[in-house]
Amino acid sequence: MDHRPTAVAESSTSRRVRMMTVNVLDAGHADWGDRRRVLAAGIAQARPDVVAVQEIVRSAEYDGVRDVLGEGWHVVAHPRWSRGGVGAVLASRWPFGTVKKDAFRETGRIEAAPWCGVVVAQVAVPAPFGPLVVAHHKPSWPRGHEHERERQAVTAARLVESMIGEGCRHAVVLGDFDAAPDSASVRFWQGRQSLDQMSVCYRDAWEAAHPDDPGHTFSPDNPLVQQGDMPREEGRRIDYVMVRCDDHGPTLEVERCERMFTQPVEGVWASDHFGLLAEMCLPARPGGSRT
């Protein structure tokens, strides 16, 4: 299930990258046939370069990744999948280099989250952008499992740090974090608190582009949330795209970040999550330099 490109498609530019994360909702819920078409059309129109997909079904009989993303992708599967073949993948239009994974088996209660884990991969983005480290992070989902999410965030961050260097200066972490911005695990990613004697700092793409907008990605405004197993959901932002900072700030500039699938298409809602699409570029003047 790893490193199997179909046909290689080039990005429209190597000075910018488009990063997307989308939880597609397990195909066993709602009408997958109609939802799949909405998801596939929306992703094709957005033309992302790298996509983190959660709750996708992939088995010997059915490849949901190909069905939703189409051709032209290199794909790395997450380390754990449910018995029903539900899991997560990281897909890129460019080839992968080194790949590391962790199934979070040492982080406490994971029995309720059969597909949690992280994939950290070098993506061979062409010059002048250069190699990019991308981490698709999927921690435990239950509300009361913030302790697990804290430990999982630290594990994922350490994997990312182990990949920095060797020509890779830029890193992006994205996925369904199942935690709101004020939670300890997300504050850790944002550099607002340390965990387990470790600290990192990432720029939240949505916050950078929309500082005064909560940007809920799991919302009761979406009928699929109301019809799901969390009917009293109050609305939270739990899906993220984050850019790693060095000592002088983020190494990439966030040009825009938008939610996707926020409206039905001919009456069909794509998923119970809204996706995120962020476009990033090389800064005109790197941090640490002076004019």
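In the predicted model, a polar atom of the Ser-219 side chain lies 3.0 Å from the backbone nitrogen of Asp-221. Ser-219 itself is placed in the loop that connects helix 5 (205-209) with helix 6 (223-226). Its relative accessibility is 5%, and Ser-219 therefore counts as buried, the cut-off for that class being under 20%. When neighbours within four places in sequence are set aside, the contacts of Ser-219 are with Val-225, Gly-235 and Phe-274.

A second buried position is found in helix 3 (residues 146-163), which contains Val-160. With a relative accessibility of 1%, Val-160 also falls in the buried class. Residues up to four places away in sequence being excluded, Val-160 touches Val-120, Val-133, Ala-135, Ala-171, Val-173 and Tyr-202. Arg-244 is separated from Val-160 by 84 residues in sequence, while the C-alpha to C-alpha distance between Val-160 and Arg-244 is 9.5 Å.

Burial extends over the whole of strand 2 (residues 50-57): eight of its eight residues are buried, so the strand is largely enclosed by the rest of the structure. Strand 2 is paired with two strands, strand 1 and strand 4. The pairing of strand 2 with strand 1 (residues 16-23) is parallel and comprises five bridges; in this pairing, Met-19 stands opposite Val-50 of strand 2. Strand 4 (residues 86-92) runs antiparallel to strand 2, to which it is joined by seven bridges, and here Val-53 is found opposite Val-89 of strand 4. The parallel pair is also part of a β-α-β unit, in which strand 1, helix 1 (residues 32-46) and strand 2 are arranged with right-handed sense. In a regular strand, side chains alternate between the two faces of the sheet.

Internal empty space was also examined. Rolling a probe the size of a water molecule over the atoms shows where such space is left. Across the whole structure, the search returned one cavity of 30 Å³ or more. The volume of the largest cavity is about 30 Å³. Its lining is formed by His-137, Pro-139, Arg-149, Phe-177, Ala-179, Ser-185, Val-186 and Trp-189. Helix 4 (residues 184-189) supplies three residues of this lining, which is the largest share.

Definitions and conventions. Residues are numbered from 1 along each chain as its sequence is written. This is a predicted model: local features need pLDDT of at least 70, side-chain atom pairs count only at pLDDT 80 or more; totals for chains, interfaces and linings use all residues. Side-chain values use heavy atoms; hydrogens and water are left out. Buried means under 20% relative accessible area, exposed over 50%, partly exposed in between (1.4 Å probe, protein chains only). Helices (H or I, at least four residues) and strands (E, at least two) are DSSP runs, numbered from the N terminus. Two strands pair if DSSP finds at least two bridges between them. A crossover is right-handed if, with the strands pointing away from the viewer, the path from the first strand over the helix to the second runs clockwise. A polar contact is a pair of N or O atoms within 3.5 Å; within protein, one must be able to donate a hydrogen and the other to accept it, and residues adjacent in sequence count only if both atoms are side-chain atoms. Contact means heavy atoms within 4.5 Å. On a 1 Å grid over the protein atoms alone, a cavity is a set of points where a 1.4 Å probe fits but cannot get out, and a pocket is an open set with protein on both sides within 12 Å along at least five of seven lines; lining residues have an atom within 4 Å of a point. Grid points are joined across faces, edges and corners, and a volume is the space filled by probe spheres set on the points.
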